[in-house]
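This report describes selected features of a single model. The sequence and coordinates come first, followed by notes grouped by topic.

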Amino acid sequence: MADKKEMPLPSPCVSVCVLNDEDICEGCWRSVQEITRWGAMDNDERQGVLSKLYGRAKAAGAVL
């Protein structure tokens, strides 16, 4: 039986690419490094990044 390939987690990009002073995108809340590495990340790495995004947005006052 062939191994099932895990579907990659989709990018959180919302096509609002604006970097703040800390080089964090204010559309998806990823760092420049996270954005450029996204395609090479496995799902565990992607999940690690995704788990940080809400906190970053909240810290910046972008969410209640």
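## Nonpolar patch

Val16 is partly exposed, with a relative accessible area of 43%. This residue, Val16, is located in the segment before α1. Together with Val14 and Val18, Val16 makes a nonpolar surface patch of about 230 Å². The model discussed here is a predicted one.

The accessibility of Val16 is compatible with membership of the patch, because a patch residue must have over 30% relative accessible area and Val16 has 43%.

## Negative patch

A second surface patch carries negative charge and consists of Asp21, Glu22, Asp23 and Glu26. Asp23 belongs to the segment before α1, where α1 covers residues 32–37. With a relative accessible area of 43%, Asp23 is classed as partly exposed. The value for Asp23 is 43%, so the requirement of over 30% relative accessible area for a patch residue is met.

## Backbone angles

Two residues other than glycine call for attention on account of phi. For Ser15, phi is near 60°, a positive value in a residue other than glycine. Ser15 is placed in the segment before α1 and is exposed, its relative accessible area being 65%.

For Trp29, phi is near 70°, again positive in a residue other than glycine. Trp29 also lies in the segment before α1. Its side of the accessibility scale is given by a relative value of 12%, and Trp29 therefore counts as buried, since buried means under 20% relative accessible area.

## Salt bridges

The structure holds two salt bridges. In one of them, the side chains of Arg56 and Glu34 meet with an N to O distance of 2.6 Å. This pair links distant parts of the chain: Arg56 is in helix α2, which comprises residues 43–59, and Glu34 is in helix α1, with their positions 22 residues apart in numbering. Arg56 is partly exposed at a relative accessible area of 22%, whereas Glu34 has 9% relative accessibility and counts as buried. The two partners thus fall on either side of the cut-off, because buried means under 20% relative accessible area, with Arg56 at 22% and Glu34 at 9%.

The salt bridge between Arg37 and Glu45 has its closest N and O atoms 2.6 Å apart. Arg37 is partly exposed, with a relative accessible area of 32%. Glu45 likewise counts as partly exposed, at 35% relative accessibility. In general terms, side chains of opposite charge can pair when their charged atoms come close.

## Buried arginines without a salt bridge

Which side chain of opposite charge is nearest to Arg46? It is that of Asp42, 7.3 Å away, and Arg46 is buried yet has no salt bridge. Arg46 is situated in helix α2. The side chain of Arg46 does reach a backbone atom, namely the oxygen of Met41, at 3.4 Å.

Arg30 is located in the segment before α1. Arg30 is buried and has no salt bridge, the nearest side chain of opposite charge being that of Glu34 at 6.2 Å. A polar contact of 3.3 Å joins the side chain of Arg30 to the side chain of Ser11. Glu34 itself is engaged in the salt bridge with Arg56.

## Separations between helix α2 and earlier residues

How far apart are the C-alpha atoms of Leu50 and Leu9? They are separated by 9.5 Å, although the two residues are 41 residues apart along the chain. Leu50 is part of helix α2 and is partly exposed, with a relative accessible area of 27%.

Gln47 is also found in helix α2. The C-alpha atoms of Gln47 and Leu19 are separated by 22 Å, with the residues 28 apart along the chain. Gln47 is partly exposed, having a relative accessible area of 43%.

Methods
Residues numbered from 1 in each chain as written. Predicted model: local features only at pLDDT ≥ 70, side-chain atom pairs only at ≥ 80, totals over all residues. Heavy atoms only, no water. Patch = residues over 30% accessible without salt bridge, like charges linked within 9 Å, V, L, I, M, F, W, Y side chains within 5 Å. Areas by Shrake-Rupley, 256 points an atom, 1.4 Å probe, with all protein chains shown as cover. Salt bridge = Lys/Arg side-chain N within 4 Å of Asp/Glu carboxyl O. Lys, Arg positive; Asp, Glu negative; His and termini not counted. Charge placed at Lys NZ, Arg CZ, Asp CG, Glu CD. Helix = DSSP H or I, 4+ residues; strand = E, 2+ residues; numbered from the N terminus. Buried < 20%, exposed > 50% of the residue type's maximum accessible area, 1.4 Å probe, protein only. Polar contact = N/O pair within 3.5 Å; in protein donor to acceptor, adjacent residues only side chain to side chain.
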